[in-house]
Amino acid sequence: ISACLVGSEMCIETGAGTIRFQSNASGAISLGTGGSYGTAGQILVSGGSGAAPTWTTSAAVPANYGSFLRTTTQTNTGGATGQAVIFNTTAASNNFSVVGGTQITAAVAGTYSIVATYQVSKTNAGTDDVNVWFKRNGTNIPNSAFNLTLVGNNASQLATTPWIITLAAGDQIEAWWWSADANAIMLGEPA
C-alpha cells in the first residue's frame, strides 16, 4: 500500500498501481477501483462485508419499514399493568421484524415514524376506558399514552397513535393496552 499524488488528487493505492481511495482538491472522495466521485444527489452504499461501497441514488436504497397486524381478537388478561399487543401476521417488512410476538425490532438505526392502529371494543354495558401506549426496550415511552372511552355493550372505537422515534439497531418497540374492564378486547375483524 502506498500514498500517491496525481495532479491535485491525493490517493492510496495497492500493488500494481490500483487506486483504492482518491480525494480531489474539492474534498470529493472516490473509493474502490472505479475512480468515480459520484454525481449530485448520490450516496455511498455498502457493498457488504469486505466489499467497497458504490455511489448510487438514494432512491435505489430500500426503505426500512414493517407492517404487522393481529388477525384475531385479543382478550384483556393484562391485570393492573396492561399487556402488549400480540402480532400474528407480517404484511410487509424490510429491516424490521417481530420478536416474541410483541417486540417490533429495528435491524437498522434511524429515525422512524411508528403508527399503531387499535380497534377496541367491550362486551358489556356501561362506560369504560381503554388506554394505549408505546414501550421502547421494555420501558414506557413518556407522553405516548392515549385514552379511549367506550360507552355501551359492543361499543367499538378505532384509534391511530402516531409517534416519531430514533432507534438504534436492535431496539424494540411494543404497542401496549390496558383497561380496568375485563370485558374490553382488542378486536380482530375479518376482512
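Is alanine 155 buried or exposed, and what is its relative accessibility? In this predicted model, alanine 155 counts as buried because its relative accessibility is 14%, below the 20% cut-off. The residue is found in the loop between strand 16 and strand 17. Leaving aside neighbours within four places in sequence, alanine 155 is in contact with Val120, Ser121, Lys122 and Leu150. Its C-alpha atom is separated by 9.2 Å from that of threonine 127, the two residues being 28 residues apart along the chain.

**The sheet and its strands**

Strand 17, which follows the loop that holds alanine 155, belongs to an open sheet of four strands in the order 8-19-13-17, with antiparallel pairing. The edge strands of this sheet are strand 8 (74-75) and strand 17 (156-167), each of which pairs on one side only. Strand 13 (residues 110-122) is joined to strand 17 by twelve bridges, and the two run antiparallel. Within that pairing, glutamine 119 has leucine 158 of strand 17 as its bridge partner.

**Charged pairs**

Side chains of opposite charge can pair when their charged atoms come close. The structure holds two salt bridges. In one of them, lysine 122 is bridged to aspartate 128, with the closest N and O atoms 3.0 Å apart, and both lysine 122 and aspartate 128 are buried. In another, the side chains of arginine 136 and aspartate 171 meet at 2.7 Å, N to O. Arginine 136 lies in strand 14 (residues 127-136) and aspartate 171 in the loop between strand 17 and strand 18, so this pair ties together parts that are 35 residues apart in sequence. Arginine 136 is partly exposed, with a relative accessible area of 30%, whereas aspartate 171 is buried, with a relative accessible area of 9%.

**Glutamate 174 and threonine 102**

Where does glutamate 174 lie? Glutamate 174 lies in strand 18, which spans residues 172-178. This glutamate is buried yet has no salt bridge, and the nearest side chain of opposite charge, that of lysine 135, is 5.8 Å away. That separation explains the absence of a salt bridge to lysine 135, because such a bridge requires a side-chain nitrogen of Lys or Arg within 4 Å of a carboxyl oxygen. The side chain of glutamate 174 does, however, make a polar contact of 3.3 Å with the side chain of tryptophan 176, and a polar contact of 2.6 Å joins it to the side chain of threonine 102. Apart from neighbours within four places in sequence, glutamate 174 is in contact with Ala84, Thr102, Gln103, Trp133, Phe134 and Lys135.

Threonine 102 has its place in the loop between strand 11 (96-99) and strand 12 (103-106), and at 12% relative accessibility it counts as buried. Not counting residues up to four places away in sequence, threonine 102 touches Ala84, Val85, Ile86, Phe87, Ile173 and Glu174. Ala84 is therefore a contact of both threonine 102 and glutamate 174, since each has heavy atoms within 4.5 Å of it.

**Aromatic pairs**

The count of aromatic pairs comes to two. In the pair of phenylalanine 96 and tyrosine 112, the ring centres are 4.9 Å apart and the planes stand at 85°, so the arrangement is edge-to-face. This pair links distant parts of the chain, with phenylalanine 96 in strand 11 and tyrosine 112 in strand 13, 16 residues apart. Both of these residues are buried.

**Two partly exposed positions**

Asparagine 147 lies in strand 16 (residues 146-151) and, at 42% relative accessibility, counts as partly exposed. Beyond neighbours within four places in sequence, asparagine 147 is in contact with Asp129, Val130 and Asn131. Alanine 168 lies in the loop between strand 17 and strand 18 and is partly exposed as well, with a relative accessible area of 37%. With neighbours within four places again left aside, the contacts of alanine 168 are Ala106, Ala109 and Arg136.

The table sets out C-alpha separations for three residue pairs.

| Pair | Apart in sequence | C-alpha separation |
|---|---|---|
| Asparagine 147 and valine 130 | 17 residues | 5.8 Å |
| Alanine 155 and threonine 127 | 28 residues | 9.2 Å |
| Alanine 168 and asparagine 131 | 37 residues | 27 Å |

Note on methods:
Residues numbered from 1 in each chain as written. Predicted model: local features only at pLDDT ≥ 70, side-chain atom pairs only at ≥ 80, totals over all residues. Heavy atoms only, no water. Buried < 20%, exposed > 50% of the residue type's maximum accessible area, 1.4 Å probe, protein only. Lys, Arg positive; Asp, Glu negative; His and termini not counted. Polar contact = N/O pair within 3.5 Å; in protein donor to acceptor, adjacent residues only side chain to side chain. Pairing = 2+ DSSP bridges. Phe/Tyr/Trp six-rings, centres within 6.5 Å; stacked < 30°, edge-to-face > 60°.
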